[in-house]
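Biologist: I am new to this structure. Please show me how to read its features, step by step.

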Amino acid sequence: MGNNWGSKSSEKFKVVYTNELSALLWKERELLELLQFKLDEQHLLFVAGKTRWLSMATREIENVLEKVNNAGLVRAIEASKVAIEWGLDSHAPLSEIAKSAPEGIEKDLLSAHLTALRQTTEEIARLRDSNEQYLRAAHRSAQETLAQLGTDPTLYGRTGEPDAQSSAAQVLDTNL
């Protein structure tokens, strides 16, 4: 009789750990979707040339990244508990935990979380790379513009005063 109670108790803990892990995975997914949104927002600012707001968008991305990292740590601790309960190494990746899950709702749920996390992470990487390209292009354009202004010998005379011959207007694109 003691064995039955112990067995049921053990199963109860497995369900509790799995439920807690699932809840943490939902939270992590929501944070990753928020990160995706913030990167999309940043991308739209780049495309629209609204450089004024880029520093604010970057701060918001950094704040979400910090929350994602914290959620990932908490999730890793809970995943470790589930892995140990299922006879896996405590450092088993989520993919291995999902494969080892008992057939049924637990396996389906963990597999669905894993698939969603992978898809969102791929989209985040794509947005990050795209935003980085915009940033590099803007930086390169600013450097080229500054280099042109600084090397034009007709702008200033030898004494540093504006050259009388250089009355042509210069146009600067401020939407870099």
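Modeller: Start with the lining of the largest pocket. This is a predicted model. Here is the general idea: rolling a probe the size of a water molecule over the atoms shows where empty space is left.

Biologist: Which element gives the largest share of the lining of the largest pocket?

Modeller: Helix α4 does, with five residues. The elements that each give two or more residues to this lining are α1 (2-48), α2 (54-85) and α4 (105-151).

Biologist: How many residues line the largest pocket, and which lie nearest its centre?

Modeller: The lining has 13 residues. Nearest the centre are L39, Q42, I61, R128 and N131. The space inside comes to about 250 Å³.

Biologist: How does the lining of the largest pocket divide by class?

Modeller: Eight of the lining residues are nonpolar. Three are polar, and two are charged.

Biologist: Next, charges. How do I read a salt bridge?

Modeller: The general idea is short. Side chains of opposite charge can pair when their charged atoms come close. The cut-off used here is 4 Å, from a side-chain nitrogen of Lys or Arg to a carboxyl oxygen of Asp or Glu.

Biologist: How many salt bridges does that rule give?

Modeller: The count is eight. Take E28 and R75 as one of them: their closest N and O atoms are 2.7 Å apart. E28 sits in helix α1 and R75 in helix α2, so this pair ties together parts 47 residues apart in sequence.

Biologist: Is E28 buried or exposed?

Modeller: E28 is buried, because its relative accessible area is 7%, and buried means under 20%.

Biologist: Which residues are linked in a network of salt bridges?

Modeller: K38, E41 and E60 are. Look at each pair in turn. E41 bridges to K38, with the closest N and O atoms 3.5 Å apart. Both belong to helix α1, three residues apart, so about one helical turn separates them.

Biologist: And what does the pair E60 and K38 tie together?

Modeller: Their side chains meet at 2.9 Å, N to O. E60 is in helix α2 and K38 in helix α1, so the bridge ties together parts 22 residues apart in sequence.

Biologist: Of the network residues, is K38 buried or exposed?

Modeller: K38 is buried, at 14% relative accessible area. Its two partners can be read the same way. E41 counts as partly exposed at 29% relative accessibility. E60 also counts as partly exposed, at 28%.

Notes
Residues numbered from 1 in each chain as written. Predicted model: local features only at pLDDT ≥ 70, side-chain atom pairs only at ≥ 80, totals over all residues. Heavy atoms only, no water. 1 Å grid on protein atoms, 1.4 Å probe; cavity = no way out; pocket = protein on both sides within 12 Å on 5 of 7 lines; lining within 4 Å. Points joined across faces, edges and corners; volume = space filled by probe spheres on them. Helix = DSSP H or I, 4+ residues; strand = E, 2+ residues; numbered from the N terminus. Nonpolar A, V, L, I, M, F, W, Y, C, P; charged D, E, K, R; others polar. Buried < 20%, exposed > 50% of the residue type's maximum accessible area, 1.4 Å probe, protein only.
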